[in-house]
Amino acid sequence: MRIIDLRSDTVTRPSPAMRDAMFSAALGDDVFGEDPTVNLLEQRVAALFGHDAAVFCPSGTMTNQIAINVHTRPGDEVLCEEGAHVYRYEGGGMMATSGCSVKHVPADRGRFTAEAVDAAVNDRAQAYLANTRLVVVENCVNRGGGAIWDIAAVKRIRAACDRHELGLHLDGARLFNAMAEDGTAPEQWGGLFDSISICLSKGLGAPVGSVLLGSGEFIHQARRVRKRLGGGMRQAGFLAAAGLYAIEQNTGRLKEDHERARRIGVEVATMPWCAHVMPVSTNIVIYDLAEGHDARRHVDALRAHGVLAFAIGPAQVRMVTHLDVDDAGIDQVIDAFRNA
Ligand SMILES: *Cc1c(COP(=O)(O)O)cnc(C)c1O
């Protein structure tokens, strides 16, 4: 039986052409700044978003946590949404690595308003309050079922950050998915954020790697934090070559993944055991099971039909489409729904 692995878009294997690009990469020691392929990837992605500089890191967790560390001092407060990856899924890094406290901003599928930021910021004049320092936006929103931010709403948040002298970081792990869907361009997002994290290892299909973007001074500091955290890699050009290939070859096809996710969403909504499906905006499908159904047992039943999904709550399931799943794979998912 074919295994259709929809647990995450991180499960992709490098294609033969991507492997060729990796094997033929020019290499050097990146801790000395001498890996030409890493340097090219950093320059290319920074230029794409109109930022001055970039730093290549092993993971999106590291790019996010480095950004938070550079933006803040211990005791500062970070504003983000309750389901934000930086808060929920990064091992408590904001608190442990940067010593920050966190205030959750009320949100609709991960998207909050400038008014909510205004309301959440602490008064700097009050010495007993934590110093609110940074806002983190995630686009598209993982826990929000791939929800996409309206860029106009982000512009208002930028203005709120300017009013309150806050940094603004974008966890853009799947920003390319959002841009493929709403037609926005990288430089539009680049101009709104002080720092941006982009994952190459999600829908773009690279095996490893994320890029953090910012000003020259910000990235200079980020390099020190990366080294401190053990993220300074040597002949990392092998990995950067996969990232370059991903940026050049795999951004144009993301809408295919979204179309396939929509097919899953339409089908699952018709199942008697399905109580609710979040609107499918990108490559993520999140659905809730009807009362009396258990997500773990449901996932086991799907596995028996060769379909792997992820239980993200007691009755909530996530599927993520990606470049290793084709239309026949979606047919198999639909069969599994009908027979599980
Ligand atoms: C995957 C992901 C990250 C980074 O995850 P790593 O596995 O550390 O690369 C960050 N933010 C979001 C929203 C993600 O989905």
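**Inside: the cavity**

A search of the whole of this predicted model finds one cavity of 30 Å³ or more, and the largest cavity holds about 40 Å³ of space. Rolling a probe the size of a water molecule over the atoms shows where empty space is left. To see the walls of the largest cavity, select Glu81, Ala84, Gly110, Phe112, Val136, Val137, Glu138 and Trp149, which line it. When you colour this lining by class, you should find five nonpolar residues, one polar residue and two charged ones.

**The largest pocket**

Next, turn to the largest pocket, where about 440 Å³ of space lies. Which residues of its lining lie nearest its centre? Select His85, Asn142, Arg174, Lys202 and Arg318, which lie nearest the centre among the 27 residues that line the largest pocket. The elements that give two or more residues to this lining are α3 (60–71), α4 (85–88) and β12 (310–313), and α3 gives the most, with three residues. By class, the lining of the largest pocket has eight nonpolar, ten polar and nine charged residues.

**Salt bridges**

Side chains of opposite charge can pair when their charged atoms come close. The structure holds 21 salt bridges, and a few of them are worth selecting one by one.

Begin with Asp326 and Arg2, which form a salt bridge whose closest N and O atoms are 3.3 Å apart. Asp326 lies in the loop between β13 (316–320) and α14 (327–339), while Arg2 lies in the segment before β1 (4–5), so this pair ties together parts that are 324 residues apart in sequence. Asp326 counts as partly exposed because its relative accessibility is 34%, and Arg2 is also partly exposed, with a relative accessible area of 41%.

Then move to helix α12 (residues 254–269), where Glu259 and Arg262 both lie, three residues apart, which is about one turn of the helix. Their side chains form a salt bridge in which the closest N and O atoms are 3.1 Å apart. Glu259, at 46% relative accessibility, counts as partly exposed, and Arg262, at 25%, counts as partly exposed too.

Now select Glu267 and Arg338, whose side chains meet in a salt bridge with an N to O distance of 2.9 Å. Because Glu267 lies in helix α12 and Arg338 in helix α14, the pair ties together parts that are 71 residues apart in sequence. Is each partner buried or exposed? Glu267 is buried, with a relative accessible area of 11%, whereas Arg338 is exposed, with a relative accessible area of 54%. For a last stop among these pairs, select Arg253, Glu256, Asp257, Arg260 and Asp327 together, since salt bridges that share partners join these residues into one network.

**Backbone details**

For the next stops, show the backbone. Most residues other than glycine have a negative phi, and most peptide bonds are trans. Start with the peptide bond from Asn139 to Cys140, which is cis, with omega near -5°; Cys140 is found in the loop between β5 (132–138) and α7 (151–164).

Follow this with Arg109, a residue other than glycine whose phi has a positive value, near 45°, and whose place is in the loop between β4 (101–104) and α6. Glu165 is not a glycine either, yet it has a positive phi of about 55°. You will find Glu165 in the loop between α7 and β6 (167–172), and at 57% relative accessibility this residue counts as exposed.

**A buried residue in α6**

Select Ala114, which has its place in helix α6 (residues 114–120). Why does Ala114 count as buried? Its relative accessibility is 6%, and buried means under 20% relative accessible area. Add Arg158 to the selection: Ala114 and Arg158 are 44 residues apart in sequence, and their C-alpha atoms are 8.1 Å apart in space.

**The surface: a nonpolar patch**

Finally, switch on the surface and select Phe23, Leu27 and Phe238, which make a nonpolar surface patch of about 320 Å². Phe23 lies in helix α1 (residues 16–23), and at 70% relative accessibility Phe23 counts as exposed.

Definitions and conventions:
Residues numbered from 1 in each chain as written. Predicted model: local features only at pLDDT ≥ 70, side-chain atom pairs only at ≥ 80, totals over all residues. Heavy atoms only, no water. Patch = residues over 30% accessible without salt bridge, like charges linked within 9 Å, V, L, I, M, F, W, Y side chains within 5 Å. Areas by Shrake-Rupley, 256 points an atom, 1.4 Å probe, with all protein chains shown as cover. Salt bridge = Lys/Arg side-chain N within 4 Å of Asp/Glu carboxyl O. Helix = DSSP H or I, 4+ residues; strand = E, 2+ residues; numbered from the N terminus. Buried < 20%, exposed > 50% of the residue type's maximum accessible area, 1.4 Å probe, protein only. 1 Å grid on protein atoms, 1.4 Å probe; cavity = no way out; pocket = protein on both sides within 12 Å on 5 of 7 lines; lining within 4 Å. Points joined across faces, edges and corners; volume = space filled by probe spheres on them. Nonpolar A, V, L, I, M, F, W, Y, C, P; charged D, E, K, R; others polar.
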